[in-house]
Amino acid sequence: MTDADVAELKARVCDAIDARADDIIEFAKDVQSEPELGYKEVETTKKVVSLFESLDLDVETELAITGARARVGGENGDDGDDSDDEFVAAVLGELDALVNPDHPLADPETGAVHACGHNAQLAHLVGTAFGLVEGDAIDSLDAAVEFVAVPAEEYLDLDYRRSLVESGDIEFFGGKQELIRRGYVDDWNMAVMMHAGSDEPERVVTSNFSTNGFVGKFVTYLGRESHAGAAPEEGVNALNAAMLGMNAVNALRETFADEDYVRVHPIITRGGDGVNVVPAEVTMESYVRAKSIEAVGEANEAVNRALRSGAMAVGGDVEIEDFPGYMPLSTDQTIIDAYDDNVRDLLGETALSPGQPHLAGSTDMGDITQLVPGIHPWTGGFEGAVHARDFRVVDEEMAYIVPAKLTACTLIDVLTDPEAREQLRAAKAEKRTREEYLDAVRDFRASETESHLT
Ligand SMILES: [Zn+2]
Ligand SMILES: [Zn+2]
């Protein structure tokens with residue numbers, strides 16, 4: 001295609017998105033009004049499916065308990081590159097809310113609320129579908145485009161997810177991890193999503209960064225109860241063991257290299273049951289995060305050693321259970337170069353915010369980018385920090401409409417450029433296979449007991 005053809009196609013697609021702007025915003029608010037936690041997004045999935053079906057797309061549901069996908073194009077086209085395999089571009093949106101009962105829009109029963117802007121991601125997902133399908137662009141792309149509504153990005157509600165693991169319904173807490181395990185990601189050549197910017201009310205975009213990976217941890221200290229006043233000498237204080245363990249973790253912090261971005265942030269989830277009884281069981285949760293899989297592994301080993309020391313000191317027991325967390329995110333240069341060009345075109349030269357090259361938070365989009373070239377830009381239009389009670393949309397067009405245009409135009413640029421497609425195929429070949437990925441995440445599943453209770 002000539003540059004003029006590409007420009008004409010992008011204009012047509014953006015017009016198609018604008019023509020649906022009211023529907024997209026109404027959909028985003030509808031999702032916001034009924035927030036659901038991960039692997040429970042039944043109604044939210046139905047809302048996405050109904051818009052996909054309004055475009056006559058073939059929809060597959062229950063990808064991983066919830067979730068839906070619809071694929072268009074690709075089958076008839078003569079691919080724009082030399083490979084025999086069809087080129088597949090995935091567009092992702094996350095279905096789940098998080099828990100913050102203090103947020104004014106929180107569900108009064110569950111505390112669930114879209115305070116991470118995932119409803120905007122879904123608006124972006126359906127908006128991109130409206131643009132490419134109703135803008136009549138699919139046949140010009142010589143590729144399949146798959147629209148995917150993904151379950152369970154927030155790593156929370158863990159008792160429920162552990163019950164799903166125990167019943168064999170899932171293996172992983174993250175929805176994208178489950179999609180990978182189930183083979184949905186195998187033939188993707190690229191993956192695009194967007195995320196609400198934290199405290200970013202302006203029309204700006206932060207596009208190029210990496211994020212931390214992590215391992216999730218459940219810790220149980222066991223002691224022996226006794227009367228806290230009359231006979232503490234007969235007890236073994238599990239809370240003291242936990243505090244010593246946590247302080248031992250704190251003593252490690254100076255040993256973490258700055259460039260590894262290690263974050264360890266334990267909480268006590270049960271600290272004792274009655275103030276006049278020596279605590280016999282104290283539970284904690286934590287993540288151990290770092291920039292690379294290797295650094296997560298090294299920090300995790302040290303943290304577990306430190307946690308064991310608390311049990312040893314008081315003569316108690318400790319059980320440590322590690323669950324795979326999320327993998328570090330890498331941003332693909334080929335896709336992000338096209339994305340940044342479209343940010344400049346649509347929002348102006350100054351709209352690209354440099355941001356930080358590495359963010360110490362985590363997302364299971366990181367897991368996707370272990371296998372497939374992908375991007376995860378943060379887009380503006382939102383006030384308040386993500387997850388906080390004051391997080392809200394302040395610019396509906398920027399939050400809900402512009403991201404769809406950015407993604408649709410980026411797909412047009414990349415898919416009509418044979419060189420970009422070759423670069424993406426080469427980039428994917430350098431990444432992990434599904435089996436290699438599964439080996440790496442499963443390595444983080446472990447449980448150990450340190451026993452000193454007599
Ligand atoms: Zn979040
Ligand atoms: Zn989020």
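1. The contact between α3 and α4 is a good place to start. From α3, the residues T44, V48, L51, F52 and S54 meet L122, L125, V126, A129 and F130 of α4. Sorted by class, the residues of this contact comprise 8 nonpolar and 2 polar, with no charged ones. The axes of α3 and α4 are 10 Å apart and the packing angle is about 10°. The two helices, α3 and α4, are therefore roughly parallel to each other. Note that the model is predicted, here and in every point below.

2. Helix α3 (residues 42-54) also packs against helix α2 (residues 21-32), where the axes come within 10 Å and cross at roughly 165°. An angle over 145 degrees counts as roughly antiparallel, so α2 is placed roughly antiparallel to α3. The crossing of α2 past α3 is right-handed. On the α2 side the contact uses F27, D30 and V31, and on the α3 side T44, K47, V48 and L51. By class, these are 4 nonpolar, 1 polar and 2 charged residues. Residues T44, V48 and L51 of α3 appear in the contact with α2, and T44, V48 and L51 are also among the α3 residues that meet α4.

3. Between α2 and α3 there is a loop, and Y39 sits in it. Y39 is not a glycine, yet its phi is positive, at about 65°. The relative accessibility of Y39 is 2%, so this residue counts as buried. When inspecting the backbone, I65 deserves the same look: I65 is likewise not a glycine and has a positive phi of about 65°. I65 is placed in the loop between β1 (59-64) and β2 (66-72). Its relative accessibility is 30%, so I65 counts as partly exposed.

4. Helix α2 has a further partner in helix α11 (residues 396-415); their axes come within 10 Å and cross at roughly 110°. Angles of 65 to 115 degrees count as roughly perpendicular, so α2 is roughly perpendicular to α11. The α2 residues in this contact are A21, I24, I25, A28, K29 and Q32, and those of α11 are E396, Y400 and I401. The class count for the contact of α2 with α11 is 6 nonpolar, 1 polar and 2 charged residues.

5. The metal site comes next. The zinc ion (ligand 2) is coordinated by SG of C116 and by NE2 of both H118 and H195, at 2.1 to 2.3 Å. Along the chain, the donors of this zinc ion (ligand 2) have the spacing C-x1-H-x76-H. C116 is located in the loop between β5 (112-113) and α4 (118-134), and H195 in strand β8 (residues 195-196), so the pair ties together parts that are 79 residues apart in sequence. Both C116 and H195 are buried. C116 also bridges the zinc ion (ligand 2) and the zinc ion (ligand 1), and these two ions lie 3.1 Å apart. Water is not among the atoms, so sites may look incomplete.

6. One residue in contact with the donor H195 is T379, which belongs to strand β18 (residues 378-379). T379 has 0% relative accessibility and so counts as buried. Not counting residues up to four places away in sequence, T379 touches M194, H195, A196, G197, V204, V205, Y339, M398 and P403.

7. Helix α8 (residues 293-314) contains V314, and V296 lies in α8 as well. V314 has a relative accessible area of 25% and is partly exposed, whereas V296, at 2% relative accessibility, counts as buried. With residues up to four places away in sequence left out, V314 touches V236, N237, N240, A241 and L244. The C-alpha atoms of V314 and L244 are separated by 9.0 Å, and the two residues are 70 apart along the chain.

8. Where does V296 make its contacts, neighbours within four places in sequence left aside? V296 is in contact with G213, F214, V215, V288, R289, A290 and F444. From V296 to L359 the separation is 15 Å, C-alpha to C-alpha, and 63 residues in sequence.

Key
Residues numbered from 1 in each chain as written. Chains lettered and ligands numbered in written order. Predicted model: local features only at pLDDT ≥ 70, side-chain atom pairs only at ≥ 80, totals over all residues. Heavy atoms only, no water. Donors = N, O, S within 2.8 Å, 3.2 Å for Na, K, Ca; no water. Helix = DSSP H or I, 4+ residues; strand = E, 2+ residues; numbered from the N terminus. Buried < 20%, exposed > 50% of the residue type's maximum accessible area, 1.4 Å probe, protein only. Axes fitted to C-alpha atoms, helices over the stretch in contact; angles between N-to-C directions. Parallel < 35°, antiparallel > 145°, perpendicular 65-115°, else oblique. Left-handed = near helix turned anticlockwise from the far one by under 90°. Contact = heavy atoms within 4.5 Å. Nonpolar A, V, L, I, M, F, W, Y, C, P; charged D, E, K, R; others polar.
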